[in-house]
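Colleague: I'd like to learn how to read strand pairing, salt bridges and pockets from a set of coordinates. Could you walk me through them?

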Amino acid sequence: MPEYRVFRLKENLRTQFRWAPHVSGVAQVKPKDYEEAFTVEAPTPYAAWHLLQGTENELALGDVLSIDARELRILKYIGFEEAHWVVPETKPYGVPETVESQGAPVG
C-alpha cells in the first residue's frame, strides 16, 4: 500500500487559495508555501482523505499528497488534481549581469 507524504499549505495562504479561480491542467505549487506534516498509508489519495476525515489530521483545501517527488496531488474543491513543484531558477554565483538587465545607459 502506498505511503503518502502530506504537505500542509501554510495557514496564511489558505484564504487566498480558497478564493482563487479554478484552473484546469497541472497545478504549479511552490515548496516555500508548504510544510511537510506527516505520512499516511492508503491505496489512493481519496482513501487517504476518507481515512483522515474527522481527525486532527484532516486534509484541507490546498494540501498536497506525494507518493514520491514525481507524483503530487493537490486537494481542490473538485477533488485531487495533478500538481508539480515549481522551483525558482537560481543565478550562478559570480555571474555578471548582462547589459539588458542593467537598463538603459544614462547620458
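**Strands, bridges and a pocket**

Modeller: Let's begin with the strands: β5 and strand β6 (residues 79–85) pair in the antiparallel sense over five bridges. Keep in mind that this is a predicted model.

Colleague: How many residues are in the hairpin that joins β5 to β6?

Modeller: The hairpin from β5 to β6 runs through two residues. For a register to check by eye, go to Arg73, which stands opposite Glu82 in β6.

Colleague: And in what sense do β4 and β5 pair?

Modeller: Antiparallel, over four bridges. Here the pair to look for is Asp68 and its bridge partner in β5, Glu71.

Colleague: Which strand pairs with β4 over three bridges?

Modeller: That's strand β1 (residues 3–9), again in the antiparallel sense. Within that pairing, Arg5 has Ser66 of β4 as its bridge partner.

Colleague: On to salt bridges. What do you look for?

Modeller: A side-chain nitrogen of Lys or Arg within 4 Å of a carboxyl oxygen of Asp or Glu. By this rule the count comes to seven salt bridges.

Colleague: Which residue does Glu11 meet in a salt bridge?

Modeller: Its partner is Arg14, at 3.1 Å from N to O. Glu11 and Arg14 sit three residues apart in helix α1, so about one helical turn separates them.

Colleague: Are the two ends buried or exposed?

Modeller: One of each. Glu11 is exposed, with a relative accessible area of 62%, whereas Arg14 is buried at 9%.

Colleague: Which other side chain meets Arg14 in a salt bridge?

Modeller: Asp63, at 2.7 Å from N to O. Asp63 lies in the loop between α2 (45–52) and β4 (64–68) while Arg14 is in helix α1, so this pair ties together parts that are 49 residues apart in sequence. Asp63 counts as buried as well, at 2% relative accessibility.

Colleague: Is there a salt bridge to look at in β5 too?

Modeller: Try Glu71 and Arg73, whose side chains meet at 3.8 Å, N to O. Glu71 counts as partly exposed at 32% relative accessibility, and Arg73 is partly exposed at 25%.

Colleague: Which residues do salt bridges with shared partners join into one network?

Modeller: Arg8, Glu11, Arg14 and Asp63. You've already met a shared partner there: Arg14 forms a salt bridge with Glu11 and another with Asp63.

Colleague: Last topic, pockets. How much space lies in the largest pocket?

Modeller: About 510 Å³. It has 19 lining residues, and the closest to its centre are Gln16, Phe17, Ala20, Ile74 and Lys76.

Colleague: Which elements give two or more residues to that lining?

Modeller: They are α1 (11–19), β2 (27–29) and β5 (71–76). The largest share, four residues, comes from α1.

Colleague: So how does the lining of the largest pocket divide by class?

Modeller: There are 12 nonpolar, three polar and four charged residues.

Colleague: Let me try to tie the pieces together. Helix α1 holds Glu11 and Arg14, and α1 also gives residues to the lining of the largest pocket.

Modeller: Right, and you can do the same with β5. This strand pairs with β4 and with β6, and β5 lines the largest pocket too. Glu71 is a good residue to finish on: Glu71 is the bridge partner of Asp68, and the Glu71 side chain meets that of Arg73 in a salt bridge.

Notes
Residues are numbered from 1 along each chain as its sequence is written. This is a predicted model: local features need pLDDT of at least 70, side-chain atom pairs count only at pLDDT 80 or more; totals for chains, interfaces and linings use all residues. Side-chain values use heavy atoms; hydrogens and water are left out. On a 1 Å grid over the protein atoms alone, a cavity is a set of points where a 1.4 Å probe fits but cannot get out, and a pocket is an open set with protein on both sides within 12 Å along at least five of seven lines; lining residues have an atom within 4 Å of a point. Grid points are joined across faces, edges and corners, and a volume is the space filled by probe spheres set on the points. Ala, Val, Leu, Ile, Met, Phe, Trp, Tyr, Cys and Pro count as nonpolar, Asp, Glu, Lys and Arg as charged, and the others, Gly among them, as polar. Buried means under 20% relative accessible area, exposed over 50%, partly exposed in between (1.4 Å probe, protein chains only). Two strands pair if DSSP finds at least two bridges between them.
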